[in-house]
Amino acid sequence: MAASSNLPSLKTAGSRHFQDNGFMVSKLRHVIESQQFTLPLLMDLFHRSRGMERVVARGGTLEYQDKILANLFYQPSTRTRFCFEAAMYRLGGKVLSTEQASAFSSEVAGEQVEDSIRIIAHYSDVIVVRHPQAGGAQRAAQVSSVPVINAGDGEGGQHPTQALLDLYTIYRERPLVGLSVAIIGELDRGRTARSLAYLLAKFDRVKIFFVAPPELQMKPDILTYLDEHGVRYELESDVDRVIGEADVIYQTRIRPERLRDEQGRKRYAIDPALLRKMKSDALIMHPLPRTVELDKAVDEDPRALYFRQAANGLYVRMALLTMLLDTE
Ligand code: CP
């Protein structure tokens, strides 16, 4: 580890804080699904993320200059891939990256993700994978000698680091207990929506409104998990019926191939008319990219949080990398 780092001892501070409160902070090996994150782990991550805001403001650190991150993306990405790259560079580390692994890796020659990971693990200290099949990141983790981070797997899989930055963005604005959250869009296959639902279930008195056309509603696996954890939720197909009740509006895309009727998709859109029905202090979030479901006019509204949400990803992913790379 470089001696020239100006990084505060975030890990120590975070651990001590939680030991003082009687919690145990356990080590993360891989990041595959949101359910892995206990409350102490989440609070440790958020504490470190706050620290990373200060580190980035100072221009970064060299503390992880001996570490290499490998990005293996089999599907397109703007935010997640750039964000992990920026996070590693701000930590002083180095990056190997393929943005189109389906075309520019040996998958073209028929190589399975397991073999690719076995090789890349020799060249790097942490691997970030976006894979077209649900379970792809888990397959990678099973054979990897270094930590694997799921950057989105399949349709109906998960995107846990997106949910972590989503939750951090809410946490920076208000208490997480007692929140009322409307999650809108193509929920059955929406990996960000699924990962966020799992995380919200960690907090007391949360209520979730799942708002979607009936055929795209949240799948039973999540609903069963919420039932088992005593989390209140409602399934709704009419945005107007719940929009005024939500503290957080979490909008997601409905892809045209899932709902061909554009007017049908627009019924779930946030536009100036819907803004008038929201709470005056609602938080409007979206994992992005957006299409017709989030009118550009919303950008001017002070409740719009989605660009700050994306910016927060840098701090959260830096923090997460330190949790995986710190070995002591
Ligand atoms: N939110 C998100 O995952 O965006 P990208 O697909 O651009 O990475």
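Me: Relative accessible area, taken with a 1.4 Å probe over protein chains only, sorts residues into buried (under 20%), exposed (over 50%) and partly exposed in between. Why is E155 called partly exposed?

Reply: E155 has 39% relative accessibility, which lies between the two limits, so the middle class applies. R189, at 36%, is partly exposed too. This is a predicted model, in which local features need pLDDT of at least 70 and side-chain atom pairs pLDDT 80 or more, while totals for chains, interfaces and linings use all residues. Residues are numbered from 1 along each chain as its sequence is written, and side-chain values use heavy atoms, without hydrogens and water.

Me: What makes E155 and R189 a salt bridge?

Reply: The rule asks for a side-chain nitrogen of Lys or Arg within 4 Å of a carboxyl oxygen of Asp or Glu. Between the side chains of E155 and R189, the N to O distance is 2.9 Å, so the rule is met. E155 sits in the loop between β4 (148–153) and α7 (160–171), and R189 in the loop between β5 (180–184) and α8, 34 residues apart. By this rule the model has 23 salt bridges.

Me: How do you know that R48 and D44 are about one helical turn apart?

Reply: They are four residues apart in helix α2 (residues 39–57), hence the spacing of about one turn. Helices here are DSSP runs of H or I with at least four residues, strands are runs of E with at least two, and both are numbered from the N terminus. The closest N and O atoms of R48 and D44 are 3.4 Å apart, and the two form a salt bridge. R48 is buried at 3%, as is D44 at 2%.

Me: Why is the pair R308 and E173 said to tie together separate parts of the sequence?

Reply: The salt bridge itself has its closest N and O atoms 2.7 Å apart. R308 belongs to helix α13 (residues 306–325) and E173 to the loop between α7 and β5, so the linked parts are 135 residues apart in sequence. R308 is partly exposed at 43%, and E173 at 36%.

Me: Why are α8 and α9 called roughly parallel?

Reply: Helix α8 (residues 191–200) and helix α9 (residues 220–228) pack at about 10°, with axes 10 Å apart. Angles under 35 degrees count as roughly parallel, over 145 as roughly antiparallel, 65 to 115 as roughly perpendicular and the rest as oblique, so α8 and α9 fall in the roughly parallel class. R194, A197 and Y198 of α8 meet D221, I222, Y225 and L226 of α9, with contact meaning heavy atoms within 4.5 Å.

Terms used: Axes fitted to C-alpha atoms, helices over the stretch in contact; angles between N-to-C directions.
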